[in-house]
Amino acid sequence: MATKRAYKLQEFVAHASDVTCAKFGKRTSRTFITGGEDQKVNLWAVGKPSAVLSLSGHTSPVESLSFDSSEVMIGAGAATGTIKIWDIKEAKVVRTFTGHRSNCASLDSHPFGEFFASGSSDTNMKIWDMRKKRCIHTYQGHTGRIDVLRFTPDGRWIVSGGADSSVKIWDLTAGKLLHDFTLHEGPINCLDFHPHEFLLATGSADKTVKFWDLETFELIGSSGPELHAELSRILYAG
């Protein structure tokens, strides 16, 4: 079976200290942002060795990043729990949100509304309204740091996961927990949605990726080290 070769497209020094987070813009996939322990947020164009823009304002390491839905603004959460929103064209801070008591570990923007969601080490998830300039809802239910969160593509729900090994689905209209997946046995490190089907994938420190049907809330698949080993044996046998 033929395998595709990966190659290094680009390598450069992005920050004066550790790079803590990065995210691509989805509109063109030709720009991306990085955050670092140097307290800066840098905007890059793919293929260019120098930052298009370097944004300052935080007083602690940047731990989470997100473009807004139109990619005219950048949000960044810091170790202090503070969230700052920059206007890219003006290169200046247009909103500063405070309310988390500890690290802002995860951040995402609503797919078409003027909202950001943030997850923190204080175990709370907050929804921030850009127009009202404040937090409009706080979701409580996690018992550990919220390391990852994502709005669903239709914007109706938000999914969060973290150190307590649970994956929670929240209904934004009702303002409450809709479902709780508890089959992982380690912290949740990542999650993503299928681009065309109502499916969710979650990755955990328990070494597994699990697939969930978001219509029935049932587990429909799971892959781990044993499956990877078996696939490798089949693919490369002989």
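What follows is a walk through the repeats, nonpolar cores and ring pairs of this structure, which is a predicted model.

A handy place to start is the UniProt record. Its entry, which is unreviewed, puts the feature "repeat: WD" at residues 12-54, 55-96, 97-138, 139-180 and 181-222. In the model, residues 12-54 come out as 0% helix and 44% strand, with 15 Å between the C-alpha atoms at the two ends. Residues 181-222 are likewise 0% helix, with 55% strand, and here the end C-alpha atoms sit 13 Å apart.

Next come the nonpolar cores. The largest one has 13 residues, and the members that touch the most others are Val 41, Leu 65 and Ile 74. At least two residues of this core come from each of strand S3 (41-45), strand S4 (53-55), strand S5 (62-67) and strand S6 (73-78). S5 is the top contributor, giving three residues. Leu 65 also shows how far apart in the chain its partners can be: once neighbours within four places in sequence are set aside, its contacts include Cys 21, Ile 33, Val 41, Ala 76 and Leu 107. Another core lies apart from this one; it has 12 residues, with Val 159, Ile 188, Phe 193 and Trp 212 among them.

Aromatic rings add another layer. Searching the whole structure turns up 10 aromatic pairs. One of them joins Phe 97 and Trp 128, whose ring centres are 4.9 Å apart and whose planes meet at 20°; planes under 30 degrees apart count as stacked, so this pair is stacked. Phe 97 belongs to strand S8 (residues 92-97) and Trp 128 to strand S11 (residues 124-129), so the pair ties together parts 31 residues apart in sequence. Both Phe 97 and Trp 128 are buried.

A second pair, Phe 181 with Phe 217, has a ring-centre distance of 6.4 Å and planes at 55°, so it is tilted. Phe 181 is in strand S16 (residues 176-181), while Phe 217 is in the loop between strand S19 (209-213) and strand S20 (218-223), so this pair links parts that are 36 residues apart in sequence. The two rings' residues are not equally covered: Phe 181 is buried, at 4% relative accessible area, whereas Phe 217 counts as partly exposed, at 21% relative accessibility. Both also belong to a bigger set, since ring pairs link Trp 157, Phe 181, Phe 198, Trp 212 and Phe 217 into a cluster. Trp 212 thus turns up twice, in this cluster and in the core of 12 residues.

Terms used: Residues are numbered from 1 along each chain as its sequence is written. This is a predicted model: local features need pLDDT of at least 70, side-chain atom pairs count only at pLDDT 80 or more; totals for chains, interfaces and linings use all residues. Side-chain values use heavy atoms; hydrogens and water are left out. Rings of Phe, Tyr and Trp (its six-membered ring) pair if their centres lie within 6.5 Å; planes under 30 degrees apart count as stacked, over 60 as edge-to-face and the rest as tilted. Helices (H or I, at least four residues) and strands (E, at least two) are DSSP runs, numbered from the N terminus. Buried means under 20% relative accessible area, exposed over 50%, partly exposed in between (1.4 Å probe, protein chains only). UniProt positions are given in the numbering used here, feature names are shortened, and annotations may be inferred rather than shown by experiment. A nonpolar core is a set of buried Ala, Val, Leu, Ile, Met, Phe, Trp, Tyr and Cys residues joined through side-chain atoms within 4.5 Å. Contact means heavy atoms within 4.5 Å.
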